[in-house]
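Hi,

Here is the structure I promised to pass on to you. Have a look at it first, and then read my notes below.

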Amino acid sequence: MNPLSARTAPRYALILAVALALLGLTLAQTGTARAATGQGVAPTAAATRIMPLGDSITGSPGCWRALLWRDLVDGGHGDIDFVGTQAPQGCGFPHDGEHEGHGGYLATGIADQNLLPGWLAATTPDVVLMHLGTNDVWSARPTPVILDAYTTLVRQMRESNPGMRILVAQILPMAPANCADCGSRVTELNDAIPGWAAGLSTAASPITVVDQWTGFSTATDTTDGVHPNDSGTRKIADRWYPAVVAALTGAV
């Protein structure tokens, strides 16, 4: 090394170290800003994986999921990963949108066709948010048959993950134009869900019932007596939120 190199090498090393430190600070600040705005948040390997499971109310476009995700991140529960084999749909702002919402599907159909194990294997959730039964009610499936399907789905969830935390909705009220009896059928199903859940809930894999029925109006919170409008979407997210927080924090 010539004398000039020997004198300048420490200076260059110091300059390089300062530049790298500034670059690291800039990247950290950029990451913090993106997280604060809900853009590009990358979950860690240890993130809690949450599967929203349902029919069109969950999946088409199911913007309650977007609101719930944003509420959780804003509430300090950012280490989460919404999972599912279904791609996100646009809800007006960036969010983690994978899900397992399948328009037109019945709980009884999912159970009878053994569909859930494949979805679970592909996504390995820790928490499932299940709002299923609307299409079963619409198709006049009896309440005991729907609950039997729920039981099959719970068994499959626990086979996938013995510690699965399962949140089951008492489903939204229904008043479609072509189903005069749907309202009373929903009431019958929802009345049966708490007892069913209590009989299957365990310490290792608790089942939490989330009341999505009370205070929800088919007249003002849906577009057609079934599918939620903006106010209904907001109500659904608000009802899920405390139950999901409890699952994340170990309160259930």
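**What I found**

Let's start with R185, which counts as partly exposed because its relative accessibility is 25%. That label comes from a simple rule: under 20% relative accessible area is buried, over 50% is exposed, and anything in between is partly exposed (1.4 Å probe, protein chains only).

Before you go further, a word on where this comes from. It's a predicted model, so local features need a pLDDT of at least 70 and side-chain atom pairs count only at pLDDT 80 or more, while totals for chains, interfaces and linings use all residues. Residues are numbered from 1 along each chain as its sequence is written, and side-chain values use heavy atoms, with hydrogens and water left out.

**Salt bridges**

What does R185 pair with? Its side chain meets that of D181 in a salt bridge, 3.8 Å from N to O. A salt bridge here is a side-chain nitrogen of Lys or Arg within 4 Å of a carboxyl oxygen of Asp or Glu. D181 is partly exposed too, at 44% relative accessibility.

By that rule, the count comes to 6 salt bridges. Another one joins the side chains of D81 and R49, at 3.3 Å from N to O. D81 sits in strand β2 (residues 80–82) and R49 in strand β1, so this pair ties together parts that are 32 residues apart in sequence. When I say strand or helix, I mean a DSSP run numbered from the N terminus: helices are H or I with at least four residues, strands are E with at least two. D81 counts as buried, at 15% relative accessibility, while R49 is partly exposed at 24%.

Then there's D221 with K235, where the closest N and O atoms are 2.6 Å apart. That pair links distant parts of the chain: D221 is in the loop between β6 and α9, K235 is in helix α9, and they are 14 residues apart. Is D221 buried or exposed? It's buried, with a relative accessible area of 2%, whereas K235 is partly exposed at 32%.

Finally, D71, R234 and D238 are linked in a network of salt bridges.

**Helix α9**

K235 brings us to α9, which covers residues 230–249. It has 20 residues and reaches 29 Å from its first C-alpha to its last, close to the 28 Å expected at 1.5 Å a residue. (The expected span is 1.5 Å times one less than the number of residues.)

Where does α9 bend? The spot is Y241, with a bend of about 30°, and a proline, P242, follows within four residues. The bend is the angle between axes fitted to the seven residues ending at a position and the seven starting there.

Among the buried residues of α9 are G232, T233, I236, A237 and W240. If you look at the spacing, it may help to know that an α-helix has 3.6 residues a turn, so residues three or four places apart point the same way. The cover over the buried residues of α9 includes β1 (48–54), α3 (63–74) and β5 (165–170), with contact meaning heavy atoms within 4.5 Å. Right after α9 comes G250, whose phi is positive, near 80°.

**Helix α3**

α3 has 12 residues and spans 17 Å from its first C-alpha to its last, close to the expected 16 Å. This helix is mostly covered, with 10 of its 12 residues buried. They include W64, W69 and also D71, the residue that takes part in the salt-bridge network with R234 and D238. Just after α3, G76 takes a positive phi of about 90°.

**Disulfides**

How many disulfides does the structure hold? There are 2, each being a pair of cysteine sulfur atoms within 2.5 Å. C63 and C91 form one, with their sulfur atoms 2.0 Å apart. This pair links distant parts of the chain: C63 is in helix α3 and C91 is in the loop between β2 and β3 (100–101), 28 residues apart. The torsion about the S-S bond of C63 and C91 is about -90°, so that disulfide is left-handed. C63 is buried at 18% relative accessible area, and C91 is buried at 18% as well.

C179 and C182 form a disulfide too, also with sulfur atoms 2.0 Å apart. The link of C179 and C182 is right-handed, with 95° about the S-S bond, and both cysteines are buried. If you number the bonded cysteines in sequence order, the pairing reads 1-2, 3-4.

Cheers
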